[in-house]
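Please examine the sequence and the structure shown here before reading on. The report is arranged by topic.

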There are 2 protein chains.
Amino acid sequence: MASITIIDIAKMCGVGVTTVSRAINNHPDISEETKAMIMQVIKDNHYVPNNSARNLKRSASKTIAVLIKGITNPFFNRMIQVFEKEIQRKKYSFILQHVDENQDEIEVAIELEKEKRLKGIVFLGGNFSHSKEKLDQLTVPFVLSTIGMTPEYDPSEYSSVSVDDYKESYKMVDYLCNQGHRKIAIITASMDDVSIGKLRYEGYKQALEDHELPLNEKLVYSMKENIESYSMENGYAVTKELLDSGEEFTALFAVSDSLAVGACKAIFESGKSVPDDYSVAGFDGLDITYYYNPSITTIRQPVEEIAEETIRILFDLINKKITHAHKTFPAELMIRESTTARK
Amino acid sequence: MASITIIDIAKMCGVGVTTVSRAINNHPDISEETKAMIMQVIKDNHYVPNNSARNLKRSASKTIAVLIKGITNPFFNRMIQVFEKEIQRKKYSFILQHVDENQDEIEVAIELEKEKRLKGIVFLGGNFSHSKEKLDQLTVPFVLSTIGMTPEYDPSEYSSVSVDDYKESYKMVDYLCNQGHRKIAIITASMDDVSIGKLRYEGYKQALEDHELPLNEKLVYSMKENIESYSMENGYAVTKELLDSGEEFTALFAVSDSLAVGACKAIFESGKSVPDDYSVAGFDGLDITYYYNPSITTIRQPVEEIAEETIRILFDLINKKITHAHKTFPAELMIRESTTARK
DNA sequence: TTGTAGGCGTTATCAC
DNA sequence: GTGATAACGCCTACAA
């Protein structure tokens, strides 16, 4: 069955397509009554305009896309809400697009930009390692949100909003050291990670060094490659290995909260307790860290502020007020039950 | 800067647009060498076809859309992975589309069907209460996955895959009763909920009745409207109220795992323990129920099977092997540390 | 206020 | 094997 088109509606109403188009798009130059009549016919016949045709014709549409990389992270839920609210407040419309773990987000963005005539793009999550050449194919403004960039990128070529992963990680490890811990294990990303995983690991190393503690390689664990990264399951499996290794430690810093949850479970299963036997700390500030038992010490990222600032910068970019911008927010060390001073 | 089009490429290659189109779309009627040449030019110039134009022209595209209602639920992550794998295995492409809590998923689906020339649709999550008239506007096959439908719907008008929320809920409460609990509180959806919330509540009522236990209205709590539904925060807030009410109970059944986690936290904060003072049970089988401390008794939905069957039915629908189908999977009662026999 | 016609970028149809 | 050309469904000058 052929779908009904704007021409059919026009014929049914005995008017031209222009008039129907005006009715649909709330154009001013149309009398109230013809408009009402047309809308009625449209409703009766369940006419729905074809978006492909609209996008094709439209030269510019006021829409922003948010691209999320990888499996949905609970961390992003709140951010997305803020994005949506802020974008709507600017009278723009908003597209949420998932990007597969093994897809190239820039390619997706380039396609989407053409398809939907985007005005701007927000990249959320994932690592970011693309050639300048590729980035240049993006002709609309974009902002990297919550994506740690290693320093080799030329900051004048992109915009970003995030926390300082290096500094915040340092803050956490510094806190643990100050609590008297001298043997602090870490669960971090794989060693070839170039993004937040690496930055957080660097912060750990620096903090140890500043406290004149040796870096013990046997206390440095990477997430398992064959398990979903940053997941509870991964934290659990890695911690089991750490415990089995027999290497002594008194505190464990996991570079994400989910890893920390898994770590706690592994510790409980070994008959030990948190924080009496081992202090455990996470990173991100997920809700679960508050609700877990014991509640988990973490670094809380100010997600609302990050999201709001992301949109602010994006619109400044769109309005050509700036050519690029970088904003880092301070994160908050949330000291909770899972860490304690070393006895 | 105007975007480069297929015509530009054709000119650059000194061929017709048809030939370029053939190269892009892997058509057979084209010599290997011209194809290679064209692809090279395309690559050099970073030409990306405009999807809107393609969709507009294409009569049919082999693509399936999965629509997710509401805030992303960790429950869905695994399902989405399976959907993607299965859909790709059938050589179809796959679109993941989020639907806002206050958007009408059917309307989104209708638009998307036209825009992308969909072959089929999967609805995931949310309640489902739409007129037959509206459903009829969907001209492609669709399957409701994990969406409890109340009986008033004519089952011959749609297809679905899920667990029997009523029965599984009954199973849980029956188990609690068998453990000697006689005062079982419940945190359920709001009373006007027509979907899984209602079904799970009905199961609770029936189990009490079958055990000849009175239904105590003072132990029936609905989630708070002003807090994100089915969230830990909601479970926490409601349980605090329940505890403050002073009404006696020995077990608490929360209709989702996240609610159960929040409930545990509230109980801990009141100085009581789980399960010694109160048994707590959830529903869904999220990872966190295993990793929580204590681990939480729950009903584990077989997400992989549900997802696989959803796709199987969808393709049977597409291939006109069937006109509709309903499949319910048994869920598994996972007895863990958070529940115990009443002393 | 309303209608006609051209074009957005692509693919399908048909000739060559 | 290749190339013109007509749609696809809509929007928007421009004309009436």
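The sections below treat the symmetry of the two protein chains, their DNA contacts, the domains of chain A and some backbone features.

## Symmetry of the two chains

The model described here is predicted. Chain B is superposed on chain A by a rotation of 180° with a shift of 0.1 Å along the axis, and the RMSD is 0.2 Å. This is the relation of a two-fold axis. The same surface serves both copies, since 100% of the contact residues of chain B recur in chain A.

Within chain B, the residue that comes closest to the rotation axis is B:Ser52, with its C-alpha at 2.3 Å.

## Contacts with DNA strand C

There are 27 residues around DNA strand C, and those that come nearest are A:Gly16, A:Thr18, A:Thr19, B:Ile6 and B:Tyr47. By class, the surface near this strand divides into 9 nonpolar, 12 polar and 6 charged residues. Sugar or phosphate supplies 52% of the atoms of DNA strand C within 4 Å of the protein, and bases supply the rest.

Polar contacts reach both bases and phosphates. A polar side-chain atom of A:Thr18 is 2.3 Å from a base oxygen of DNA strand C. Phosphate oxygens of the strand are approached by backbone atoms: a polar one of A:Ser31 at 3.3 Å, and an N or O atom of B:Asn50 at 3.0 Å. The elements giving two or more residues to the surface near DNA strand C are α2 and α4 of chain A, together with α2 and α4 of chain B.

## Contacts with DNA strand D

Around DNA strand D there are 25 residues, of which A:Ile6, A:Tyr47, B:Thr18, B:Thr19 and B:Arg22 come nearest. Of the atoms of DNA strand D that come within 4 Å of the protein, 55% are accounted for by sugar and phosphate. The surface near this strand has 8 nonpolar, 12 polar and 5 charged residues.

A side-chain N or O atom of B:Thr18 is 2.3 Å from a base nitrogen of DNA strand D. Two contacts involve phosphate oxygens of DNA strand D: one with a polar backbone atom of B:Ser31 at 3.0 Å, the other with a polar side-chain atom of A:Asn25 at 3.4 Å. In both chain A and chain B, α2 (17-24) and α4 (51-57) are the elements that give two or more residues to the surface near DNA strand D. The most is given by α2(B), with 4 residues.

## Domains of chain A

Chain A is assigned domain 1 (6-162 + 304-329) and domain 2 (165-301). Their C-alpha centres lie 37 Å apart, and the contact takes 12 residues from each of the two domains.

The size of an interface is often given as the accessible area lost when the parts come together. Between domain 1 and domain 2 of chain A, the buried area is about 960 Å², with carbon and sulfur atoms giving 58%. On the domain 1 side, A:Phe75, A:Asn127 and A:Thr150 lose the most area to domain 2, together 44% of what that side buries.

## Backbone features

Most residues other than glycine have a negative phi, and most peptide bonds are trans. The bond from A:Val274 to A:Pro275 is cis, with omega near 5°, and A:Pro275 is in the loop between α11 (257-269) and β9 (279-281) of chain A. In chain B, the bond from B:Val274 to B:Pro275 is likewise cis, with omega near 5°; B:Pro275 lies in the loop between α11 (257-269) and β9 (279-281) of that chain.

A:Thr146 has a positive phi, near 65°, and is found in the loop between β4 (142-145) and β5 (160-163) of chain A.

Key:
Residues are numbered from 1 along each chain as its sequence is written. Chains are lettered from A and ligands numbered from 1 in the order in which they are written. This is a predicted model: local features need pLDDT of at least 70, side-chain atom pairs count only at pLDDT 80 or more; totals for chains, interfaces and linings use all residues. Side-chain values use heavy atoms; hydrogens and water are left out. Copies are superposed by least squares on the C-alpha atoms of residues with pLDDT of at least 70 in both. Contact means heavy atoms within 4.5 Å. A residue is near a molecule or strand if one of its heavy atoms lies within 4 Å of it. A polar contact is a pair of N or O atoms within 3.5 Å; within protein, one must be able to donate a hydrogen and the other to accept it, and residues adjacent in sequence count only if both atoms are side-chain atoms. Ala, Val, Leu, Ile, Met, Phe, Trp, Tyr, Cys and Pro count as nonpolar, Asp, Glu, Lys and Arg as charged, and the others, Gly among them, as polar. Domain bounds come from an automatic or database domain assignment. Buried area is the accessible area (1.4 Å probe) that two parts lose on being put together, summed over both.
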